Amino acid sequence: MSTVILDRIPFEIDMALLSKNLHIKEGSDPAARVERLVESAKAVARPKAVYKVAYVESKDDDSVVVDGTKFTSRVLRVNLEDTYRVFPYVVTSGTEIEEWSQSITDIFDNYCADAIKEMIMRSARHHVFAEIDEKYGLAHAAVMNPGSLADWPIKEQKNLFALLGDTKESIGVQLTDSFLMLPIKTVSGMRFPKKGTYENCQLCPRKDCPGRKAPYDKDLYNEKYKMK
Ligand code: SF4
């Protein structure tokens, strides 16, 4: 199947959450400044995404082949045990908001702009996942991202991007030689149907991570993913 390109994804900015993330009191002078930045950001932001339906063609002990491209990860392989479809994606806050933020020179405003871009990107991702789940009937779904676990190294970004065509052309996202994505507020991964819950964080021992979505489970790898 060809890729689906979304170039005007709706997004929401939760002012209460943004203030909390920025450690700013609602109603204060800095809060008024943030509100002005948000209005300005809303006027220019155009988050985008590309995704596709891809098919699992074969599975090995620690790898899967998806649409002719091999991905090496024991965790991914086990997580795809019961599915034949996956949804590789890239979601970005967009080049427009990136250019807007690069024009900001004030340190405080820059700090706020970064948080605003992050929120736009997360909101856009939420919309993209909702579209995938509804369109393809995914009652329960999980996500894995190259580079979030040692088991699935970041160099596999190259394979993921290979599934999605020319992302620079379609949504303005470039993959650098060190596998970083530009604009910086861009996320990539595979969404797939999965019963029960799975979060990369369950297998990640990193302490004090602000992005943690689930507690680290030190026994999970040995119980579910270790090769017998
Ligand atoms: S704990 Fe943090 S670094 Fe580890 S997988 Fe979760 S979000 Fe990523």
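Helix 1 and helix 5 cross with a right-handed sense (clockwise turn of the near helix from the far one by less than a right angle; anticlockwise would be left-handed). The contact there is made by Leu18, Asn21 and Leu22 of helix 1 and Cys112, Ala115, Ile116 and Met119 of helix 5, where contact means C-beta atoms, placed from the backbone, within 7 Å. These residues split into six nonpolar, one polar and no charged. Here Ala, Val, Leu, Ile, Met, Phe, Trp, Tyr, Cys and Pro count as nonpolar, Asp, Glu, Lys and Arg as charged, and the others, Gly among them, as polar.

A quick note on what you're looking at: this is a predicted model, with local features needing pLDDT of at least 70, side-chain atom pairs counted only at pLDDT 80 or more, and totals for chains, interfaces and linings using all residues. Residue numbers run from 1 along each chain as its sequence is written.

Overall, the chain has eight helices and ten strands, taken as DSSP runs numbered from the N terminus (H or I, at least four residues, for helices; E, at least two, for strands). With 228 residues, a compact globule would have a radius of gyration near 17 Å, and the chain's 19 Å agrees with that; the radius is over C-alpha atoms, and the rule is 2.2 Å times the number of residues to the power 0.38. The C-alpha trace spans about 60 × 40 × 35 Å along its principal axes.

Back to the helix pairs:

| Pair | Axes come within | Crossing angle |
|---|---|---|
| helix 1 (residues 15-22) and helix 5 | 10 Å | roughly 135 degrees |
| helix 2 (residues 29-44) and helix 5 (residues 107-135) | 10 Å | roughly 50 degrees |

Axes are lines fitted to C-alpha atoms over the stretch in contact, with angles from 0 to 180 degrees between N-to-C directions. Helix 2 and helix 5 are therefore oblique (under 35 degrees is roughly parallel, over 145 roughly antiparallel, 65 to 115 roughly perpendicular, the rest oblique). Their crossing is right-handed. Val34, Leu37, Val38 and Ala41 of helix 2 meet Asp109, Cys112, Ala113 and Ile116 of helix 5, giving seven nonpolar, no polar and one charged residue.

Two backbone spots are worth a look. Leu182 and Pro183 are joined by a cis peptide bond, omega about 0 degrees, and Pro183 sits in the loop between strand 9 (181-182) and strand 10 (186-193). Phe179, in the loop between strand 8 (174-175) and strand 9, has a positive phi near 70 degrees.

Terms used: Contact = placed C-beta atoms within 7 Å.
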